[in-house]
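Trainee: I should be grateful for a close look at a single helix of this protein and at its surroundings. Please treat the matter as one connected account.

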Amino acid sequence: MKALVTTGSSGPGLALTDVAPPQPASNQALVTLTATSLNRGEVGHLADEEPGTVLGWDVVGTVAQTASDGSGPGAGTRVVGLVGERGWAEQVAVPTHALAAIPDGVTDAAAAVLPIAGLTAWRALEMGGLLLGSRVLVTGAAGGVGRLAIQLASLAGADVTAVIGRPERRTGLVQLGASDVVVGIEAATGRYDLILESVGGSSLCTASEILAPEGVLVTYGRSSGEDGAIDPYWFGDHSGARIEGLLVFTEVDRHRLGTTQLERMLALIAAGRLDPQVTRTGSWHDPMPLVQALLDRQVDGKAVLTVD
Ligand SMILES: NC(=O)c1ccc[n+]([C@@H]2O[C@H](COP(=O)([O-])OP(=O)(O)OC[C@H]3O[C@@H](n4cnc5c(N)ncnc54)[C@H](OP(=O)(O)O)[C@@H]3O)[C@@H](O)[C@H]2O)c1
């Protein structure tokens, strides 16, 4: 079968090559891939990967073979799911606890944004508890996770401040549900009950300073590549507040995320209440233009590759 494999250290590169098909475990369905979305965490380190590595986390396709333990959707069902590796391949073995049937009316491209970006946004917001009337701040707000987080937080009744890196990234964020859009976290005013932080470095430090008493700061990314130190006496000054790390794969492994949350977001998309923000699509025969656009911060939302 064909798969997109990394081409090695001469720079970020991917090539379609023949690889061995997967051998599904008893709790895994075999899915024939039709679409996948690109994530910064995948494309950011392409050149560092061993040549021939098959990456890929977001899987959309059709069940070719039901899981042998009988769990999950049946053969022929259109599905979306999450895997930790080897998602960019014609056939993917997907654990059924992170696999959901796609309802009519939701396109493959729309569903493809949900496993990594959607589940991360969902869980980060959930870690903040009841959001009704709370002040939520989202950094990296114009990116894939950020645009879904703005919408889900707004649907949950929060007052959302979106932080962007450049003024031109403002477009569309108020329409998604942000009540305020600021350029750089230093421009945010007041205290926040929940902060979703994915830029790292000085953004993480500032986020810790503007957290409300009893607030929650969820750190899940470092798009800037910078380290961010938190003052060891921070907890003394922020009694009751928490800083929590989030890794979506750990949450799925612990069964705190998976099929149920995918199904709920699919239903929101089907009802027209959640916009997947797919703004770039391309063929997996020519993935590098989309990869480069994402690395260059030129994707206003999500980039999706279709398997043709
Ligand atoms: N822990 C987890 O499980 C998990 C899951 C999903 C994602 N993540 C991480 O969360 C972050 C956001 O993911 P995403 O898919 O939303 O990424 P994305 O679509 O590439 O968006 C990244 C956003 O970060 C902002 N940014 C600020 N400084 C940046 C810099 N120096 N370089 C690049 N971007 C910068 C950009 O803002 P402007 O364009 O406005 O400047 C952009 O909107 C990434 O770091 C990703 O690796 C972690």
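Mentor: What follows begins with one helix and then moves outward to the core, the ligand, the domains and two strands.

The model is a predicted one. The part to examine is helix α4, which covers residues 144-155. This helix has 12 residues, and the distance from its first C-alpha to its last is 17 Å, close to the 16 Å expected at 1.5 Å a residue. After α4 comes glycine 157, which has a positive phi, near 95 degrees.

How much of α4 is covered? The helix is mostly covered, since 10 of its 12 residues are buried. The buried set consists of Gly144, Val145, Gly146, Arg147, Leu148, Ala149, Ile150, Gln151, Leu152 and Ala153. An arginine, Arg147, and a glutamine, Gln151, are therefore included among these buried positions, given that a residue counts as buried when 20 or more other C-beta atoms lie within 10 Å of its own.

Two residues of this list, Ala149 and Ile150, reappear in the nonpolar core. The largest such core has 98 residues, and those with the most contacts inside it are Val80, Val138, Ala149, Ile150 and Ala162. Helix α3 gives the most to this core, with eight residues. Domain 1 (2-115 + 257-306) and domain 2 (128-245) each supply at least three residues to the core.

Alanine 162 shows how the helix is linked to other parts of the chain. Leaving out residues up to four places away in sequence, alanine 162 touches Val138, Ala141, Gly146, Ile150, Leu173, Ala178 and Val181. Of these partners, Gly146 and Ile150 are among the buried residues of α4.

The helix also takes part in the surroundings of the ligand. Around the ligand are 28 residues, of which Gly140, Gly143, Gly165, Gly221 and Val248 come nearest. The elements that give two or more residues to this shell are α1 (40-43), α3 (114-126) and α4. By character, the residues of the shell divide into 11 nonpolar, 12 polar and five charged.

Where does the ligand shell lie with respect to domain 1 and domain 2? Both domains give residues to the shell, so it lies between them. The C-alpha centres of domain 1 and domain 2 are 27 Å apart. Their contact takes 10 residues from domain 1 and nine residues from domain 2. On the side of domain 1 that touches domain 2, there are two nonpolar, three polar and five charged residues.

Two strand residues complete the picture. Valine 216 lies in strand β12 (residues 211-219). With 21 other C-beta atoms within 10 Å, valine 216 is buried. Its contacts, leaving aside neighbours within four places in sequence, are Met127, Gly128, Leu194, Arg242 and Glu244. Valine 216 and leucine 194 are 22 residues apart along the chain, yet their C-alpha atoms are separated by 4.9 Å.

Isoleucine 243 belongs to strand β13 (residues 242-245). Is isoleucine 243 buried or partly exposed? It counts as partly exposed because it has 19 C-beta neighbours inside 10 Å, and 20 or more would be needed for a residue to be buried. Apart from neighbours within four places in sequence, isoleucine 243 is in contact with Ser208, Leu217, Thr219 and Ile230. The C-alpha atoms of isoleucine 243 and serine 208 are separated by 8.0 Å, with the two residues 35 residues apart along the chain.

Technical notes: Residues are numbered from 1 along each chain as its sequence is written. This is a predicted model: local features need pLDDT of at least 70, side-chain atom pairs count only at pLDDT 80 or more; totals for chains, interfaces and linings use all residues. Helices (H or I, at least four residues) and strands (E, at least two) are DSSP runs, numbered from the N terminus. The expected span of a helix is 1.5 Å times one less than its number of residues. Domain bounds come from an automatic or database domain assignment. Two residues are in contact if their C-beta atoms, placed from the backbone, lie within 7 Å. Ala, Val, Leu, Ile, Met, Phe, Trp, Tyr, Cys and Pro count as nonpolar, Asp, Glu, Lys and Arg as charged, and the others, Gly among them, as polar. A residue is near a molecule or strand if its C-beta atom, placed from the backbone, lies within 6 Å of it. A nonpolar core is a set of buried Ala, Val, Leu, Ile, Met, Phe, Trp, Tyr and Cys residues joined through C-beta atoms within 7 Å.
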